[in-house]
Amino acid sequence: MTTVGEVDHRRNGFDPHALLTDWDGGQVSWLPDGRRLREYEIVAEDREIEIAPGLFFPAWTYAGRVPGPTLRATEGDVVRIVFRNQGSHPHTIHFHGIHPARMDGVPGAGEVYPGGQFTYEFEALPFGCHLYHCHSVPLKRHIHKGLYGAFIVDPDPARHPEPAGAARSRLLGTPENARWQEMVMVMNGFDTNFDEENEVYAVNTVAHAYNERPIRIERARPIRVYLINVTEFDPINSFHVHANFFDYYDHGTTLTPTLRTVDTVMQCQAQRGILEMSFADHEPGLYMFHAHQSEFVELGWMGHFGVA
């Protein structure tokens, strides 16, 4: 029921386990008005990647990886992204969030032809679990080929005095946040023969990566998963955890759960949210998580938490 063999992560240039917690906070400086500026540089390039043992896919990538870098900022920061296109087609970066129309990352507002560049700049709003992706046409091809990534905006506790404790727990670098085991999971799929049906499904690109090597979990510390669905050619994807339940924050734009005590959540493409759970009262062992579409499981979207 699972893939056989090993993917060469070194050849790929990225490891799905490293992608779980590879937060990119950019180059930080301060503007004259006192606001924090985070600067990034992202390059689009064509690159062949291994998505299952011995199975290669001609991807279009941000920074040479799929998904692209997980950009992380704090609510109210000014985000500046210099985007250079070294690929073979026109590309953009469209951010889910609030920004001026001229920064929308669509044809006519930030589209970059091969060899060109564009600078996106906007304030990081609202806080939550967001994403970015290419919005050039045909849209389904540009997304499916790999041009997407996570964009996480942490809440500023000063802006949320009543639920300040919850806000601090999400703010990277605080003691309250350090007690959480945070990770980003981008659910994706790959149409390897270009018939607009996926032959491989995964979290963070490599089929069964977290089955072959379970995600290590410290039983005493709670878990926070930033879950994003960018699967093309299927109307929904899903996440299910075995022997446990979680609270869910739809889009991550609230500090109180939108769903409580559930073990399965469905997402349309571009939908995302935050899952919070704990294994503190569980015995050590392997706890499976997967899409609750059996086809997706067998074609790569299944893994384990290794709880100790």
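These legends accompany close-up views of a predicted model.

**View 1. Two stretches of the chain carry a UniProt domain annotation.**
In the unreviewed UniProt entry, the annotation "domain: Plastocyanin-like" covers residues 58-156 and 198-306. For residues 58-156, the C-alpha atoms at the ends lie 40 Å apart, and the span is 6% helix and 40% strand. For residues 198-306, the end C-alpha atoms lie 28 Å apart, with 8% helix and 47% strand in the span.

**View 2. Five strands form an open sheet.**
Follow the strands across and you will read the order S1-S5-S10-S9-S7, with mixed pairing. At the edges stand strand S1 (23-24) and strand S7 (94-95); each has a single partner strand, so one side of each is left without a neighbour in the sheet.

**View 3. Strand S5 pairs with S1 and with S10.**
S5 (residues 70-74) and S1 pair in the parallel sense over two bridges. The pairing of S5 with strand S10 (residues 148-154) is also parallel, and here there are four bridges. Leu71 is a handy residue to centre on: Asp24 stands opposite Leu71, and in S10 the bridge partner of Leu71 is Phe151.

**View 4. The side chains of S5 point two ways, into buried surroundings.**
Thr70, Arg72 and Thr74 point one way from S5, while Leu71 and Ala73 point the other way. How many residues of S5 are buried? Five of the five are, so the strand is largely enclosed by the rest of the structure.

**View 5. Arg38 and Asp77 form a salt bridge.**
The closest N and O atoms of this pair are 2.6 Å apart. Arg38 sits in strand S3 (residues 36-52) and Asp77 in the loop between S5 and strand S6 (78-85), so the pair links distant parts of the chain, 39 residues apart. Are the two partners buried or exposed? Arg38 is buried, with a relative accessible area of 11%, and Asp77 counts as buried too, at 3% relative accessibility.

**View 6. Glu196 and Lys140 form a salt bridge.**
Here the closest N and O atoms are 2.6 Å apart. Glu196 lies in the loop between strand S11 (181-190) and strand S12 (200-203), and Lys140 lies in helix H3 (residues 139-144), so the contact ties together parts that are 56 residues apart in sequence. Glu196 is partly exposed at 36% relative accessibility, and Lys140 is partly exposed with a relative accessible area of 36%.

**View 7. Glu182 and Arg224 form a salt bridge.**
The closest N and O atoms are 2.8 Å apart in this pair. Because Glu182 lies in strand S11 and Arg224 in strand S14 (residues 223-229), the pair ties together parts that are 42 residues apart in sequence. Glu182 counts as buried at 7% relative accessibility, and Arg224 counts as buried at 1%.

**View 8. A network of salt bridges links five residues: Arg72, Asp154, Glu182, Arg224 and Glu276.**
Some members will be familiar from the earlier views. Arg72 is one of the buried residues of S5, and Glu182 and Arg224 form a salt bridge with each other. If you would like to explore further, the count for the model comes to 19 salt bridges.

Definitions and conventions: Residues numbered from 1 in each chain as written. Predicted model: local features only at pLDDT ≥ 70, side-chain atom pairs only at ≥ 80, totals over all residues. Heavy atoms only, no water. UniProt positions renumbered as here; feature names shortened; annotations may be inferred. Pairing = 2+ DSSP bridges. Buried < 20%, exposed > 50% of the residue type's maximum accessible area, 1.4 Å probe, protein only. Salt bridge = Lys/Arg side-chain N within 4 Å of Asp/Glu carboxyl O.
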